Amino acid sequence: MPNFLPIKTVGPLLVEDPKVEQDIRGDLVKAGSSITEWLSSKPSSSVVYISFGSIVVPSQEQVDEIVYGLLNSRLNFFSIMKWNSSIEVIANGVHIIAFPQLGDQVTDVKYLVNEFRTGVRLSRGVTENRIIPRCEVEQSLHEVMSGPKAAEMKENLLNWKKKASEAVTEGGSSDQNLQSFINKLMTLQSSNQKLAKLSTSIQLVVTT
């Protein structure tokens, strides 16, 4: 397939860069000052962020179980907008409790949980056809925040975060792929210009 349809991976697009002084953000909704102040008052890596994605809407019964699981865990948590990129999770070194429903979510979670080992899975999609009880939600929360596997997940996250950062630095894989794409476009543009000139010349000869 790569011989017929070359694929060039680029990203992650939003990473911390000490050389960039401007605060570049990709938020769809700007967080209020009260939320950022509240977050700043909490210890590092102690707040759970909840995102249900952009399309799938869980049943009210399932939402209730998730909320009670969060409350029973006595952990700090909040939810202000949708943030559902697996790349962002890796690039920012964030643990994940995955609740895949359909489509690419199931594939993404397989890599995050089984291959990258940076989180845990609550379910295996809508085909499982069950409500995840609050006790499982609470157990998963403690597992990624303070359980025996938490340290291993954190180490894996830092490793993948480093790889993501290296990819976008000068000479990294993303940087090289983007430059290769630009070079290809410039080559095509140059070729098209030459063809246009040749076509004009041929027309002049024919008409003459």
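The largest nonpolar core of this predicted model has eight residues, namely Val-48, Ile-50, Ile-66, Leu-70, Leu-122, Ile-132, Val-137 and Leu-141. A nonpolar core is here a set of buried Ala, Val, Leu, Ile, Met, Phe, Trp, Tyr and Cys residues joined through side-chain atoms within 4.5 Å, where buried means under 20% relative accessible area, exposed means over 50%, and partly exposed lies in between, for a 1.4 Å probe and protein chains only. Helix 2 and helix 5 (134-145) are the elements that give two or more residues to this core; helices (H or I, at least four residues) and strands (E, at least two) are DSSP runs numbered from the N terminus. Apart from this core lies another one, of five residues, among them Val-89, Ile-90, Ile-96 and Phe-116. In soluble globular proteins, nonpolar side chains tend to be buried together.

Within the largest core, Ile-132 can be followed further: leaving aside neighbours within four places in sequence, Ile-132 is in contact (heavy atoms within 4.5 Å) with Gln-62, Glu-65, Phe-99, Leu-122, Ser-123 and Val-137.

Residues are numbered from 1 along each chain as its sequence is written. Because the model is predicted, local features need pLDDT of at least 70 and side-chain atom pairs count only at pLDDT 80 or more, while totals for chains, interfaces and linings use all residues, and side-chain values use heavy atoms, with hydrogens and water left out.

On the surface, Val-10, Leu-13, Leu-14, Leu-178, Phe-181, Ile-182, Leu-185, Met-186 and Leu-188 form a nonpolar patch with about 850 Å² of accessible area together. One of these residues, Leu-178, is found in helix 7 (residues 173-207) and counts as partly exposed, at 40% relative accessibility.

Turning to the backbone, the peptide bond from Gly-11 to Pro-12 is cis, with omega near 0°, and Pro-12 is placed in the segment before helix 1 (33-40). Two residues other than glycine have a positive phi, as the table shows.

| Residue | Phi | Place | Relative accessible area |
|---|---|---|---|
| Ser-45 | near 60° | loop between helix 1 and strand 1 (47-49) | 53%, exposed |
| Arg-74 | near 60° | loop between helix 2 (60-73) and strand 2 (76-78) | 76%, exposed |

As for confidence, the protein chain averages a pLDDT (the predictor's confidence in each residue, from 0 to 100) of 81, and 79% of the residues score at least 70. Over residues 204-208 pLDDT stays under 50, and for these residues the model has zero contacts beyond four places in sequence. Where pLDDT is low, the predicted coordinates should not be read in detail.

Terms used: Patch = residues over 30% accessible without salt bridge, like charges linked within 9 Å, V, L, I, M, F, W, Y side chains within 5 Å. Areas by Shrake-Rupley, 256 points an atom, 1.4 Å probe, with all protein chains shown as cover. Salt bridge = Lys/Arg side-chain N within 4 Å of Asp/Glu carboxyl O.
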